[in-house]
Each structure stands twice: as structure tokens, then as C-alpha cells.
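I opened the model to look at one helix and the chain contact around it. My entries follow.

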Amino acid sequence: MAEIRLEGLHKRFGRVVAVRDVSLEIREGEFVVLLGPSGCGKTTVLRLVAGLETPDRGRVWIGGRDVTRLPPGRRDLGMVFQSYALFPHMRVFDNVAFGLRMRGVGVAEQRRRVEEVAELLQIADLLDRYPAQLSGGQRQRVAVARALVVRPQVLLMDEPLSNLDALLRLHMRAELKRLHREVGSTTVYVTHDQVEAMSLGDRVAVLREGQVVQFDTPTQIYDHPSDRFVGSFLGNPPMNFFQATVDPEDGSLRVEGVKFPAPVAYAQALAERRGGPILVGIRPEHVSVGTGPLRGEVLVAEPLGAQKLLTVRTAQHLVKVAVGPDHAARPGEHVALDLPEAHLRLMDAQTERALPRR
Amino acid sequence: MTLRKLGLYAAALLLTAWVLAPIVLIALAAATPREDLYRWPRPLWPERLSFEILSSFARQEAVLRALGNSLAVAGLTIVLATLVSAPAGYALARYPFRGREAVQLGILATKMFPATALAVPLAVAFIRWGLYDTLLGVALVHTALSVPFVILIVASVFRGVPAELEEAAMSLGASRVGAFIRVTFPMALPGLAAAAIFTFILSWNEVFAATLLTVNHRTLPALLVHSVVAEGAPLHYRYAGGFFLVLPALVIIFVIRRYLLTLWGVTVR
């Protein structure tokens, strides 16, 4: 178990800057998810931690040790690859025992520890098979077992669930969470799936174009996105955004000409923006339908089981609204919307960064 | 459906016949007694088969020595070609260095240079270096001839082994070399074996350099060419010699083919 510290990591491939100035502090035993769209540099950050890439600038610390120049094998970590990267010419047992052999662990001890970790991952009856004879889910378990058997200080996972079908992914997600609780190793997990990130991470680092745009707990990121990108990347459907203005007289918000009281927390930030443009964000489940000053027409109603999703067209915006499954709204119907003050998230109209709250 | 199947089988038969016919013909001719060989018209299928010519051919001391030379040269060529090509192929497969495409093309372009133009300077150089009429000299030329192809084969073989496997081995504590030895090499082995066969057959069949650069230490093809061209060896001798040249290639391909398919005890997909 060890903490990880990344200091100003910078990495470019040719002309492409993959990682720019990434600094993160990951606590001992913490489960941190690196989340972002493809090409955002999250995998490169993971590979920098693993030592599979060398940074152009910056340092990597694991457990208080500067490992920036150390090869992967001497960083005391275990890694699970997206493709699992099981050795096809070795039986499952030898795959799992590989790291132990590299560390010169005795044969009897090898067997004991492989069996122990096989028990943990429920692959004990697969040890004599070759990887080609396993299903996707079984391969995944073997890959995790192989990384865990050396009892690494740090466990790195690169989209480990993305090659599984939906049901199995759901199952393995819960399994990984249980595993982390039992093993307790510091874990860095890369994914582009926001649901995975929310459900697994103690904290989530959202990356965009090689930079960390927000690093916080899942609820904090969901409730208080640091900018428009985070608000739209997390949550399904994404956060709604309204182009609005700040009323020059009383500092309230004007959305499509309709006045909404501004949240008190933003009073200070709004004071200097009177008469200017502003971006107003709100999650679909917080928009209330029925009474309210904003008029719109329901375009689509999608029953999703636990909830119903409405697409409402107002004068200037398309608004996604999540309502209860029994809500009676039909396409073509005119509805009134309200934007409750407590759930409004205000952002700068130009930079699209969240305004400071008090 | 049936018609398509019929066409498929016909095509397969045709291809097989295309490959097998010369081999069968030379085998039959080699096993025909001397008197029958010179009869006219000669029956397609000989009335009697005898191994007399083949066995007397195989018992000649010069032939046995040439056979040994051929095997030694081919073995040496495989070792040398692998030593040169494996690192080059690995580098081409794994490292995206500047000018990689140009290097790859340049390697192949060397094959466009006619070997005949090199013959005299090569002979002169070899005499000067004391390599003339040595097996090592012939093996060096065969290495030079095979290396461009072998590099390209080996590069594609290494490309077929995912880099992630090496990275996984390294993340588990193996060094770069250790990861290669424990993971990449065993996985590349079938492909490397194929490259070795290729090298063997190239060396085994090579006549030109072997004839020019040797006098006393001839390889089997060089010996045969010499005895046919310079000494006008009789027909039956030629057939027997031809059969001897084909035989090892066949045996090796048969042996290795099975090895290629069942290397890991599982079907390689």
C-alpha cells in the first residue's frame, strides 16, 4: 500500500501533446478513476505511472520513492491491461505465477499464493487451462489475479471491463469494488465510462486534452462540475445548459426573457457580472415540470423503466427532463418548466468554467 | 452449391498436381533402372522400379561429402541469418524510429542488385581474405542473399506478438530482455522456425555462388552442376541428383508443418 504523487507530468508523441502538466496526489489505499473521452491522455497517464512511458517533464512518486526513471518491474505495481495481455503460451497457473517467479519466490510458496488468489477470484478450477480456452470474463479474472498475486503497492487498470458484454460488466464492476475492499491496494483505474467512474471511484480525475479538469469525489463532480465539459461528460443524459443574462438591476437571472432568482451562493460572483451573459446549468432530474415560468413543447417522451425522459423545446433551447415513470406528458403537449434555484450551476459564458460559490 | 464445391475441388486438384507432378516425375525417373531410362518410347509409369541408381549415387564419396557440406552451409547460414535478422526485424517491428519505411524499402532494394555482377569482385575479395573455397565463405554469401527476406519475415512475426504482452511481463518484474526471452520469443518461435526453413531451402538450392566460390568444398547443387556441365554426367545420374535435392526440402516441410500447428498443445488462433 502506498500513496502516489504525480508532479507536473508532461508527455508528447511527435507533435501531439498527450499529457500536459498533470499533477495528482492519490492517497494510500484510495481507488482513483481517470475518466475522459478517448484521446484525452488518461491511458498515457497510467502508462507513465506504470513506467511503460517516460515523461518528458515531471516526476512520479510511489510510496515516497521517486520512481520516474525506474523500469516498470521495479516499481512494485500490478497492471491489468484492456486486452488482458495474458500469455497465450502459458497455462493460467503459469500466467498467474509469472510475477512471483520474476521475484524469485520459491515453488511451494508460488503454489500457495497462486491458489490463494485463485480462490479470491474464483478461478481455482481454471488453473490448468490455456487462455484461449477461457471466456472473456474468465480471462479478465485471470488478468486481475496475475496483477494481484505479487501483492503490489499499486494496482493499475486500463479499461479492464470494456471488452465484456453489458451484463458481465455490471457483475465485474461490483466484483472489482469488493476486491478493492478486501485487498485494499492503492488503485488507479482508467475508463471512458462515466457510470463505471462514479460507481468505483473514491475520487475521480476528469481529463480533457491531456489536462486534469477536475479531481474530486464522484458526487461532488456530479453536483458541482468545474466546467461545462465535465457537466456534459458526466451524467446520462448530460446537464442542460441555458444561455442567460444577469439582470442589470437586481442581479437575477434572465433565461429566454424569464426572470429566475439567482442562487445566493453565487451572489458575489454575479455582482460583477450584472448586465452580462452567463451560462446556467441544471441536471435533467432537477428541472420540474408542471408549474413554472418557462414554456415548452414536449418533443419526445422516452420511458426508461425507472424514469421517463422528456425532450422539451423551449423558445431557444432543447431541455432534457427526467420525470417519474408514471408522468403523463405526451409528445406535442405544452408544459411549464421551473428551474429550482438550489440546483442551478452558473458558469462563465466565455470560459465555461464554474463561477465561485460561497 | 454443388457446382461451387466441384469447382473448388477441381482447383485444389489442379494446384496439387501442379506442385506434385514434377516431384513425382523426378522420383519415378530416379527409381527407373538404367536400361529402361534410355528406352524409346519411355512408358510414363516404369515397368520396374529399382533403387539401384539412387543407392549407388548415394554411396559415392563425393556426393556424401557434398551432402555434408550442403548441410553445414545451410546450418551456418541459418545461424548467421538469424543473428543478423532477428534484432533487425525486432527493431523494425517495435520501434517507430525516423526513416523506418525507408530502411525497410532499402533492405528489399538490395535484392535488385544482380548477384552476377558481384561474382568476380566477390571471388577476388574472398581469395584475399582466405575465405575462398571454404564453407564459411559460401555461408556468408547465402546469409547475405537470405537476410533481406528473413528480416521482413521476422519483422512481421514480431509484429504479430502484441507489444502489450511484453509490457505485461515487464510490469510483473521482467526486464526488457527477460520479457523477450520468456514471452515474445516462445510466441514468435513458429514464425522464426518458418524463417529458418526458408533460409535452409534458399541455401540448399543456391547454385551460383556455391559453384563460383568453391573448388574442393562443393555443396550438393554445386557438385551436380559441375558434374553435369563440366563432366557431362549421364541422364540417370542427373535424375538421381535431382531427387536428392528435392528430398530434404520435402522431409523438413513435412516435419515442421506439424510443429507449426501444434506448438502449444492448443490450436493457435
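I counted a salt bridge when a side-chain nitrogen of Lys or Arg lies within 4 Å of a carboxyl oxygen of Asp or Glu. This is a predicted model, where local features need pLDDT of at least 70 and side-chain atom pairs count only at pLDDT 80 or more, while totals for chains, interfaces and linings use all residues. Residues are numbered from 1 along each chain as its sequence is written, chains are lettered from A in the order written, and side-chain values use heavy atoms, without hydrogens and water.

Entry one: the salt bridge. I found one between chain A and chain B. B:Glu167 pairs with A:Arg47, with the closest N and O atoms 2.8 Å apart.

Entry two: the helix. I looked up H8 of chain B, residues 163–171 (helices are DSSP runs of H or I, at least four residues; strands are E, at least two; both are numbered from the N terminus). Seven of its nine residues are buried (under 20% relative accessible area, 1.4 Å probe, protein chains only). B:Glu167 is among them, as are B:Leu165 and B:Met170. The buried residues pack against H1, S6, H2 and H4 of chain A, and against H4 and H9 of chain B (contact: heavy atoms within 4.5 Å). Just after H8(B), B:Gly173 has a positive phi of about 115 degrees.

Entry three: the interface. How many residues does each chain bring to the contact? Chain A gives 22 and chain B gives 17. The buried area is about 1900 Å² (accessible area lost on being put together, 1.4 Å probe, summed over both parts). Carbon and sulfur atoms give 68% of that area.

Methods. Buried < 20%, exposed > 50% of the residue type's maximum accessible area, 1.4 Å probe, protein only. Buried area = accessible area lost by both parts, 1.4 Å probe.
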